[in-house]
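I opened my notebook beside the model and went through it place by place. These are my entries, in the order I made them.

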Amino acid sequence: MKNSALIIDNVNRYSKNDIASESRCAVHILGGKIVDITPPFPEPCGINIIDARGATLIPGLHDHHIHLSAYASSLTSLACGSPTLETRQQLIDQICQYGKQRPGEWLRGYGYHPYLAGDIDRDWLDQHVPDNPVRIQHRSGRLWVLNSLALRQLGLIKQTKLAIPQAIPKGAEIIKGRYTGRLFEEDAWLSAQLSQKMPGFKPASEKLASFGVTGITDCSPRNSTNEFDYFQQSQLNGELQQSVRMMGDSNLIQAGYSPRLKTAELKLHLLEAKLPEFDHICQQVRVSRQQGRRVAVHCVSRTELVFALTVLRECGTSKGDRLEHAGVVPPELMQRITELELSVVTQHHFLREQGDRYLEQVEQDDQRWLYLGQSFLSAGVPLAAGSDAPFGSADPWISMDSAVRRQSRSGVLMGAQERLTPEQSLDLFISCPQLPGRRYRHIEIGEQADLCLLDAPWHFVRNDLNSRHCRVTISSGQIIYEKDN
C-alpha cells in the first residue's frame, strides 16, 4: 500500500478561516505525498477511494511532548493516580486486588502522587501487598517506591543485612541503616537489575493512531543512541507507525539517519527540589549549541521557570528553543519568555485531570497563571501542546476540549479569560513538528500525506472535540487506523 494511490473523495479540507466551508474536493495521495486536489468524482467508487461523505479532512495530529516507552509500558501497568484514581482507598483496593488475582507476580504501577496516600514507602506497600514484588512510579517519573519483596528480589536486602556497598544504587534512600524503598533517578539501574527490555510499541502506536496522531516528539531526557536504534527498528518492522522527533542527551547527536525518525533538542529536566549546578547546565547548553542543537527545558513550577530563563539568558537562545509545560507563568515571566523568543509546549488537559488538586495545593497568587492559553497567544509566544503521556492522557482531543472549557473535573472554571477557540486548540496539534507554534501544516499539493479524516464537518466537530470523530488516520500515505462502521 505504501506506494499505491489513495484518494479521499467528497471531502472538505479543514480551514479555520472558513468554519462552515462546504467546498468539497478529492485529495489524491501517492508515494506518501499529496499529489493532486481535484473536484469530487461524480460517482466515487474503487478499492483505493474513500468516500468522506462531506466530512472534514484535517492535518494529522502531532503530539509535541510524549514519553513513548513509558506510555507503552503503562498500557500493561496499573494506573496509580488521577484521573483513574481519586482516593487513598481506591488505590489500596486496586493494588490489593492485583495481589489476590496474580500471587507472586511483579506489580508495576505508574502515575502516583502523594495527594492520594502521602509519601508512601516500603512499609506502606508491605502492609497492603506483602506477597507480590511491587514497584510504583511517582508521576514525576523520577522516583520509584518498592516493597520489601521487591528489594529482596533485586538483591538489595537479604533478610536483615544490607547488600555489599558497591551493589547499592546511589539513589536508594537509606534511613538509619534501613532501606525506605524509595529509589530516586534510578531507571537505568532498575531496568538492568530486572533485565528489562524496551516495551513493544504496537499497542501504543495503534492507540495513538485511533486519536488521529500521525507524529510524535519523544521528550525523554535519557534518550540516546540505543533508544534511537530501537525506535528505528520499531518503525521498520511496522510496530511504530508514527513519524518521530527524538529529544535526548548530548550523545544523541551521534545517532544514524532515518527519514521518519529525527534527532531533536537536548532535553533538560529541572526539578525544583534539586536544581542542578548553574554552571554545569550552562555548559550543557553551550555544548548543544556547538552541536547545532536547540534545547528544551522542563519547567513546571515558577521556580523552575525562573531558573530556566536565567540559564537561557546567560547562554543565549536559538530560534526554536522550547519551554516544556510552563505550568505557572505570571506576567513578569511572560515578558522574559517573549524577549528570549522562546516557544512553549503546554498541557491544558492537566487542568481537567489535576485541576482540583491545583486549587488545593498551588498558592492562590499562582492559580491565575496556570497553564495559560490566550495570554501566550496575545504575547506572541509560539504555543503548541503535547500529552506528556503516560503522565497525562494520550488523547489530544481531551487536551483540546480542556483548552476550550478550562474546567476541573468537579466543574470549577480555571481562568475563563485564557480559554481558546476550538480552532486555536486544534492549532496546538497541527503546527510543524520542528517549529511548534511557529508554522502550521496545511492540506496542499506537495505536502506529506499525514492526515486525519473526521466523520463529520468541522462546524459540528468543533462543538464536540472528541476522538470518537476520528474515522481514518493516514501516516505518510498509509492508512494506520480505520474506525469500524
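**Entry: Phe376.** I looked up Phe376 and found it in helix 13, residues 374-378. Helices here are DSSP runs of H or I with at least four residues, strands are E runs of at least two, and both are numbered from the N terminus. Is Phe376 buried or exposed? At 0% relative accessibility, Phe376 counts as buried. My cut-offs: buried is under 20% relative accessible area, exposed is over 50%, and partly exposed is in between, with a 1.4 Å probe and protein chains only.

Which residues does Phe376 touch, leaving out those up to four places away in sequence? I listed Ala326, Val329, Met334, Ile337, Val344, Val381 and Leu383. Contact means heavy atoms within 4.5 Å. I also checked Val344 by backbone: its C-alpha lies 8.4 Å from that of Phe376, with the two positions 32 residues apart along the chain.

**Entry: ground rules.** This is a predicted model, so I noted that local features need pLDDT of at least 70 and side-chain atom pairs pLDDT 80 or more, while totals for chains, interfaces and linings use all residues. Residues are numbered from 1 along each chain as its sequence is written, and side-chain values use heavy atoms, with hydrogens and water left out.

**Entry: the whole chain.** I counted 16 helices and 24 strands. The C-alpha trace spans about 80 × 50 × 50 Å along its principal axes. For 485 residues, a compact globule would have a radius of gyration near 23 Å, and the chain agrees with 23 Å. That radius is taken over C-alpha atoms, and the globule rule is 2.2 Å times the number of residues to the power 0.38.

Of the 485 residues, 54% count as buried. Among contacts with a separation of 6 or more, 72% are between residues 24 or more positions apart. The chain exposes about 21200 Å², and carbon and sulfur atoms supply 48% of that area. Areas come from the Shrake-Rupley method with a 1.4 Å probe; for residues, only the protein chains shown count as cover.

**Entry: Ser318.** I went next to the loop between helix 9 (302-315) and strand 19 (322-325), where Ser318 sits. Ser318 is partly exposed, at 29% relative accessibility. Ser318 touches Arg289 and Arg294, again not counting residues up to four places away in sequence. I also took the distance to Arg135: the C-alpha atoms are 40 Å apart, and the two residues are 183 positions apart along the chain.

**Entry: the six-stranded sheet.** I traced an open sheet with strand order 7-8-9-10-14-13 and mixed pairing. Its edge strands are strand 7 (78-79) and strand 13, each pairing on one side only. Two strands pair if DSSP finds at least two bridges between them.

Strand 13 (172-175) pairs with strand 14 (178-184) in the antiparallel sense, over three bridges. Ile174 stands opposite Tyr179 there. The two strands form a hairpin with two residues between them, and Lys176 in the turn has a positive phi of about 55°. Strand 14 is also joined to strand 10 (143-146) by three bridges, antiparallel. In that pair, Val145 faces Arg182.

**Entry: strand 22.** Which way do the side chains of strand 22 (451-454) point? Leu451 and Leu453 go one way, Cys452 and Leu454 the other, and all are buried. In a regular strand the side chains alternate between the two faces of the sheet.

Strand 5 (56-59) runs antiparallel to strand 22 over three bridges. Strand 23 pairs with strand 22 in the antiparallel sense too, over four bridges. Cys452 stands opposite Ile58 in strand 5 and has Thr473 as bridge partner in strand 23.

**Entry: backbone oddities.** I looked for unusual torsions. The peptide bond from Ala389 to Pro390 is cis, with omega near 10°. Pro390 lies in the loop between strand 21 (383-385) and helix 14 (396-405). Asp388 is in that loop as well. Asp388 has a positive phi of about 60° although it is not a glycine. Asp388 is buried, at 8% relative accessible area.

Ser476 also has a positive phi, near 50°, and is not a glycine. I placed Ser476 in the loop between strand 23 (470-475) and strand 24 (478-482). Ser476 is buried, at 11% relative accessible area.
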